[in-house]
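User: Please take a close look at one part of this protein and describe how its side chains are placed and what they touch. Then set that part against the rest of the chain.

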Amino acid sequence: MAKIKEPTNQPDPAEDFLYPVSKETRVLNFNMEMMREEDQESDWSKEGEGREDGGIEDDVCQPEDEQNGQDKHLLVISLTKTSISVVKGRGCDDGSTCHDVVVVAESSTVTLVPRGSFRQDRTQNVMVECLASQQYLRGICSQKTVYVSPNPENITIYYYRSTSRLFTGIPVVLNFTGSNCFLRCCKEGQKVLLQVETCDKKMLRKISKDDKTTLSFVFFMKGPRSELTFESVLHRGWFIQIVNTDEVEMATLDGRKKDQSFLFVIQT
């Protein structure tokens, strides 16, 4: 419920200036699309035809671009210590709508968030064990090599939040703890390879689906904690697999969802 305060002293209406008529605290949803005023009035009149609520829709921000079917980007504006005032000018006492809204903030931050992007959320230090061989993922960064060993190595899982509404798994990045070395997928010909690559951690705080370089570090983690699979986000359908008990590679499931060579256990 908005709190409205009416001013106690009203200036002389004959004087030509703006004065506040009310003050309220409210959460506002903005549509950041720019349009001409005459187009806006035309759209409102069309949308309001046959509607009891005058054409006001519950969901103003549409998730899809109706023209090309692609996701729109989000413009997020954060305001600190914000005050909103409603003012009206001279000659507005006849019942007509001629109010202006003035927004004043101590500071503001504008962030462009691409639709379909991944934003870093939290981290977890774990050991990743292959269910079939009961050995652990390890890496040699200088040789870009991934292997398994009875001796575990700490891996930091970076969890991400996706701006996409379609859930296909938990987006994660796998980092060898205490280093700038990460698991990454790359494609050579028709084969997808799993490598250890160095990367600046700042580049992975926010990952766009259009940036194939950083997207190659992201995996969809699926399944219960004791039977997890890791699917490449960039190369869909390719999963981390343990071959011959000690080799690590990317492979397609081909209907082998219960094949334990694709399944992993997270240990904390």
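The request concerns the surroundings of serine 261. Where does serine 261 lie, is it buried or exposed, and what is it in contact with?

Analyst: The model is a predicted one, and the description below starts at serine 261 and moves outward. Serine 261 sits in the loop that runs between strand S16 (247-252) and strand S17 (264-267). Its relative accessible area is 10%; because the limit for buried is under 20%, serine 261 counts as buried. Leaving aside neighbours within four places in sequence, serine 261 is in contact with Ala132, Ile240, Gln241 and Ile242.

One of these contacts is polar: the side chain of serine 261 meets the side chain of glutamine 241 at 3.0 Å. Glutamine 241 belongs to strand S15 (residues 238-243), so the polar contact links a loop residue with a strand residue. Glutamine 241 is buried as well, with 8% relative accessibility. Both side chains of this polar pair are therefore from buried residues, serine 261 and glutamine 241.

Beyond serine 261, and not counting residues up to four places away in sequence, glutamine 241 touches Glu247, Val248, Glu249, Ala251, Arg256, Asp259 and Phe262. Of these, Glu247, Val248, Glu249 and Ala251 fall within the range of strand S16, while Arg256 and Asp259 fall in the loop that also holds serine 261.

Ile240, a contact of serine 261, leads on to the nonpolar interior. The largest nonpolar core has 29 residues, and Ile240 is among those that touch the most other members, together with Leu137, Leu174, Leu183, Leu194, Phe219 and Phe230. Leucine 174 in turn touches Ile240, and also Ile155, Thr156, Ile157, Cys181, Phe182, Leu183, Phe219 and Phe230, with residues up to four places away in sequence left out. Another core, of 13 residues, lies apart from the largest one and includes Tyr160, Val173, Ile207 and Phe217.

Nonpolar side chains also occur on the surface. Ile77, Leu79, Val101 and Val103 make a nonpolar surface patch of about 330 Å². Strand S3 (74-88) and strand S4 (99-113) each give two or more residues to this patch. Leucine 79, in strand S3, is partly exposed at 41% relative accessible area.

For the protein as a whole, the secondary structure comes to 2 helices and 17 strands. Of its 268 residues, 34% count as buried. Among contacts with a separation of 6 or more, 54% are between residues 24 or more positions apart. The protein exposes about 17500 Å², with 48% supplied by carbon and sulfur atoms.

Notes
Residues numbered from 1 in each chain as written. Predicted model: local features only at pLDDT ≥ 70, side-chain atom pairs only at ≥ 80, totals over all residues. Heavy atoms only, no water. Core = buried A, V, L, I, M, F, W, Y, C linked by side-chain atoms within 4.5 Å. Buried < 20%, exposed > 50% of the residue type's maximum accessible area, 1.4 Å probe, protein only. Contact = heavy atoms within 4.5 Å. Helix = DSSP H or I, 4+ residues; strand = E, 2+ residues; numbered from the N terminus. Polar contact = N/O pair within 3.5 Å; in protein donor to acceptor, adjacent residues only side chain to side chain. Patch = residues over 30% accessible without salt bridge, like charges linked within 9 Å, V, L, I, M, F, W, Y side chains within 5 Å. Areas by Shrake-Rupley, 256 points an atom, 1.4 Å probe, with all protein chains shown as cover. Salt bridge = Lys/Arg side-chain N within 4 Å of Asp/Glu carboxyl O.
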